[in-house]
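I opened this notebook to keep track of what I look up, one part of the structure at a time. Each entry begins with what I wanted to know and then sets down what I found.

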Amino acid sequence: MNSARKSVLAAGLALLGVAHAGHEFPFYPSFYPQEITVEALDARSAAERLAKGTLHAYAGGEIAAPADGTKSGTVTSLGGYVVATFEGGGCADARGLKDALGEGQVWHPYPVTPFHADYLHHADRAEAARAGAVADKREKKARIEIVEVSALMAKAGARYNGWSGPPWVRQGWFHAYLLLTPPVSDAAIEETLRRLVRGEHRSLEERVNLERKLVALLQRGCERVVLGYTERRERYGVDYSQGVENVGYGALEGLASPIFPRTVKLRDFPWNGWLNVAAPAPPSSAWNPIVGGFGDAFGRVVWSALSDPAFLPAPHGGGWIENRVSASVEESPKPIAVPEDALFTAGRGKMAASRIVYRVRNSAFHDGTPMSVADLLYGYAFAAAWATDPGIAQATALARERLKGVRPLRVETETLAFGEDKLSYEVPVIEVYLDAGPGADAATVAPPWSTLPWHLLALLEEGARRGYFKLSEVDPVRNVAIVQRLGMLARELEERAYVPPALISHVNAKEARERYRRLREFHAAHGHWLVTNGPYRLSRWDGTKAVLGAFRDPSYPKGLGGFNAYAVPLKAHVTRIDQRAYGAEVHTETEWLERLGREVRIARGSFAQRLAERLTSAGALPAPVCHYLLVGPDGAVAAAGAVRAGGKGACRLEFTRTEGRPGTRLVVAAVLEDSAANAPIRIVPWGD
Amino acid sequence: MDKELMQERRGFLKQFGATLGAAGLGAAGVGTANAAVTPKGSIPAKPVKVGHITFLTGAAELLGGPGQRGHVLAQEEINAQGGLLGKRKIETLFADEAAGTDANVKELRRMKLSENIELFTGVISSGNTPALGPVAEELRVLTLFNDGCTDFLFDKAVPNPKYTFRVTNIQSADGVTAAIGAATHWPNVRRIASLQPDYSYGRNVFEHFVLALGKLLPGIEVVSESWPKLGTTDFTSHITKILSNKPDLLVAGVWGGDYVAFYKQALRFGLFDKMKVATTLAFGGYPHAIGKDHPEGVLAGVHANYHFLYPSAERWPINKGFVERYYKRFKEYPSFESDGAYIALYLYKQAVEKANQLVGGWPDDEAIIAMLEGAGIDSPAGYLYIRADNHQGYKDAVTGLSKHLPGYDFPVWDTESIVSIPIRSITAPPNWPKPGKGHNESTAAADWIKKTWPAAKV
């Protein structure tokens, strides 16, 4: 036996063991499949491959239902909006267009859909709009188009380097704004939007009323009207040996969502295995990692696995999931002084509205270089320096507008230990000052995060300075000429030991040279320059297939199974609503997953019974949360809130008597684990 | 298999008591898990709170999930009979072992100090039991680990246990059992290759396997060592290295998804046609977790503890009933972790009942501990004996060859190939010096094997 085998696996990381305390090490970095291959297939070929079991999932396209329905599953997400543009006419004509909708188009003449997490705020109005359909055989002059939700979200703001974009980018009211903004600026609309995005509201009721007002203002023009929506139905294989399970997807993004590679599991493997995914067309959009790239389905699947954002979008909710950072937001009614030594701020006496303390989970980049505070700071420096690039300017506008200062506080070490086998992580603690913040989502605006290493950003910006490409257009994988030019440039930067001016006090020449050397080695091994710190590494791109290998580096802080709670959107159901002296008592039932042998099914029943069994829960069982609105006869929201169910599965909603005027309606949905999208909603008359 | 050599080897192995096929059991039981008793004295109706930490997420859920189910089945059965002593229902607080050792220690303290648990069970990781055992002693919380099987727990971490017990076989038995299984089935192997995860478990398996096999088969030679690091997914270089050294036998301690990735890659190289393969944990997780393409004839380890096909239904109805009830409840077959967690709760039940018969009323921990020390219970796996001196559970170790049998759409054991080894033949006896007390072997078992096992003659 090799004596005293002790392995130092990476800088700062040790998996040490001695024979006296050994057992299977239970933490595996990255996610289930060891390799993901992405290719383009037309629908027929995809259907054949799915039937044979050589394709596991088809992202971004629909294929016909297979003959053997037991071998495939489907995820349904929002495809796009059906929008009519009228020459004259408008709202009245739109109500008569229900029969004009094509196959697979759902009549829903309201711009916020059940797939949006904020649909509850509009459910009564959407219901009224649906009910307003009239039979009308008259010919109407209208142009009907499908606006893909993916295109709409791309329009909302390109993501910059692992940042999240505007916190409201997945909200229904914002999609309504993007869809229906009149060509001529409307002061009322812009003012309402401004108040929403600046967080200028004192209560949830006020915010919901602003959202409803914005949508109402957008709809009053009637030149452009939403008629309904389409659903995106994506198939995956479920056959035991050759299929997949645990297939996470986004209500708006479908399979081309970050939650997919973080949850999907091959059925024949407890972990590992080779996953095959296809998209309907080869990539057409540049694989630009800085801003706005990976715009088509193929690219989105690839980038969702390669990159690691600071926050992941909650796949069926409106919020954000902490991924590589955790944040503690300090908001104050009084302005907070920004320390004089804070970075990315100018002058003394600067004030901010909020202070956010981040703990960042560093890891190695795919070229083996360890992340450092310099990488995190360079995300800010780069955004500021390249605001001249329209793409970067747009993607970072909100962050640049609100950022008032950044200050690294310290670097800590966190350890995950199972006895003497240990993994240690470097955790920089960094405070960020913002001048405004939309509540809890403030943390997503300008996090200290970069999914790209500073040396790659430096290489790319040097290329841009020399006029080789524009930063918002560069493709360091598929553009052969650029890939070659970057090779020469990387050698030059290594020889010069180039350190960007913003990092002079953080990086020395030796470190810089080592970084470029490792980057060039990565390029030599993989044929491209796309180095990130995500869970999968682009092992190779051969012109038709992208092969992504799991980055099972011990420094990677997320492990397989870590996002399982998001794999299947479980629902709660309102079963009864009782009027009480204090308001309303809402009774619920809840769903849960039962894994029985090779089968997984959703069961439904009493939360109290579930609580008593506690079979699948670690710690507290997630309780249903009742989200509600009390809508007055004038359409204004008099009360709104969210109340967690008690041990018997009932929520106690407390209203004042004046909130129960005649004509009032109670809108309520029970939501489990933030899966508000498609939550069943009950609307009942309320009051005397 | 060479029949002549096999018989010759069996003669040698006979001194270890290893038996092949269905010949492992036959004696009468020492008790019954479900025997009803009439409680003496007044029994409170207050539920018994039990804490159970196991892997509910991550890779090791493969082990923790079946364990949790075994515990739940026992709890439901006992509660259906009215609870412990017919009065006290069991309520379990589960927590996720994946949080790591420090968090597990905090959780045990919380369970005891805030939730006032009366019994603590579960724990899979051998990294955790040596940390939790001393805390259980300090908190004076009665503890029945159902795994976390490192020898170190009772060799060093809790050398004089009072409150801490463990029901599964110790870890050194893993490598030794694989060695006896290999020697039984393939007595002519001499050139040995090893593929072990590069951390303490792999080192433990390798050490004890080579030590034991060296005693069983004369002149063995380790011709190849591979130590894939945590997270290795591409085993190609290890496979080609193994093949190039032309071993007769490969011993593999890689587990779970690593084992599956390995065997699927090894199939492409024809590795299983070129050598025998012995594993310690191939069948250790959910039985249905292994694919239909798994080769037959692999020595498929179960951590030396239990496979649902053994003891056979005809010869050991306790196992038949357990498997049937488990399958009915969970639509799957139990693993060794299921058996361990299940019998841990029944062991507690039995001790409570015996203590009640002696002292009346609800017995205190001292009385329950007295009944646990030296206890025997008929478990689904066979007889389980709790040694009084070290609180360690002992049951016959088992392993077998993989085979695809009708009725199962995953590989199981060839029932004719199962090797059952009396546990006393492969574990150090009571009071054998522990590491640091007159020897510096890694385990008492290693020292005992080195010093007492006869070496096979060439």
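**Entry 1: a helix of chain B and what follows**

Which residue follows helix 13 of chain B, and is its phi positive or negative? I found that B:Gly374 comes after helix 13 of chain B and that the phi of B:Gly374 is positive, near 80°. I note here that I am working with a predicted model, so every value in these entries is computed from that prediction.

I then looked up which residues of helix 13, which spans residues 365–372 of chain B, are buried, and they are B:Ile368, B:Met371 and B:Leu372. Looking down the axis of helix 13 of chain B, I see that its buried residues fall within an arc of 105°, and therefore they line one face of the helix. This reminded me of a general point, that an α-helix has 3.6 residues a turn, so residues three or four places apart point the same way. For the cover over the buried residues of helix 13 of chain B, I wrote down strand 6, helix 12 (336–359) and strand 12 (382–386) of chain B as included.

**Entry 2: a sheet in chain B**

I next followed strand 12 of chain B into its sheet, an open one in which 3 strands stand in the order 11-12-13 with antiparallel pairing. Why is one side of strand 11 and of strand 13 of chain B left without a neighbour in the sheet? Strand 11 (376–379) and strand 13 (393–394) of chain B stand at the edges and have a single partner strand each, so one side of each has no neighbour there. Between strand 12 and strand 13 of chain B, which run antiparallel, I counted 2 bridges, and B:Ile386 has B:Gly393 in strand 13 of chain B as its bridge partner. Helix 12 of chain B packs on this sheet by touching strand 11 and strand 12 of chain B, and the direction of the helix makes about 140° with that of strand 11 of chain B.

**Entry 3: another helix of chain B**

For helix 4 of chain B, residues 129–139, I listed the buried residues as B:Thr129, B:Pro130, B:Ala131, B:Leu132, B:Gly133 and B:Ala136. The elements that cover these buried residues of helix 4 of chain B include helix 3 (101–113), strand 4 (119–122), strand 5 (143–145), helix 5 (152–157) and strand 6 (164–166) of chain B. After helix 4 of chain B comes B:Arg140, and I noted that the phi of B:Arg140 is positive, near 60°.

**Entry 4: a strand with parallel partners**

I wanted to know which way the residues of strand 9 (249–252) of chain B point, and I found B:Leu249 and B:Val251 on one side, B:Leu250 and B:Ala252 on the other, and all of them buried. Strand 9 of chain B pairs with strand 7 (191–195) of chain B in the parallel sense over 4 bridges, and within this region B:Ala193 has B:Leu250 as its bridge partner. Strand 9 of chain B is also joined to strand 10 (276–279) of chain B by 4 bridges, again running parallel, and here B:Leu249 stands opposite B:Lys276.

**Entry 5: a sheet in chain A**

Turning to chain A, I found an open sheet of 4 strands in the order 24-23-26-27, with antiparallel pairing. Strand 24 (637–644) and strand 27 (681–686) of chain A are its edge strands, each pairing on one side only. On average, neighbouring strands of this sheet are turned by 15° against each other, direction ignored. Helix 3 (123–131) of chain A packs on the sheet, where it touches strand 23 (625–631), strand 26 and strand 27 of chain A, and its direction makes about 90° with that of strand 27. Helix 7 (204–219) of chain A packs on the sheet as well, touching strand 23 and strand 24 of chain A, at about 120° to the direction of strand 24.

**Entry 6: where the chains meet**

How many residues of chain A are in contact with chain B? I noted 50 residues of chain A in contact with 59 residues of chain B. On the side of chain A that touches chain B, the largest share, 3 residues, comes from strand 16 of chain A. The residues on that side of chain A divide into 23 nonpolar, 17 polar and 10 charged.

Definitions and conventions
Residues are numbered from 1 along each chain as its sequence is written. Chains are lettered from A and ligands numbered from 1 in the order in which they are written. This is a predicted model: local features need pLDDT of at least 70, side-chain atom pairs count only at pLDDT 80 or more; totals for chains, interfaces and linings use all residues. Two strands pair if DSSP finds at least two bridges between them. Axes are lines fitted to C-alpha atoms, for helices over the stretch in contact, and angles run from 0 to 180 degrees between N-to-C directions. Two residues are in contact if their C-beta atoms, placed from the backbone, lie within 7 Å. Ala, Val, Leu, Ile, Met, Phe, Trp, Tyr, Cys and Pro count as nonpolar, Asp, Glu, Lys and Arg as charged, and the others, Gly among them, as polar. A residue is buried if 20 or more other C-beta atoms lie within 10 Å of its own, exposed if 12 or fewer, and partly exposed in between; C-beta atoms are placed from the backbone. The arc is that of the directions from the helix axis to the C-beta atoms.
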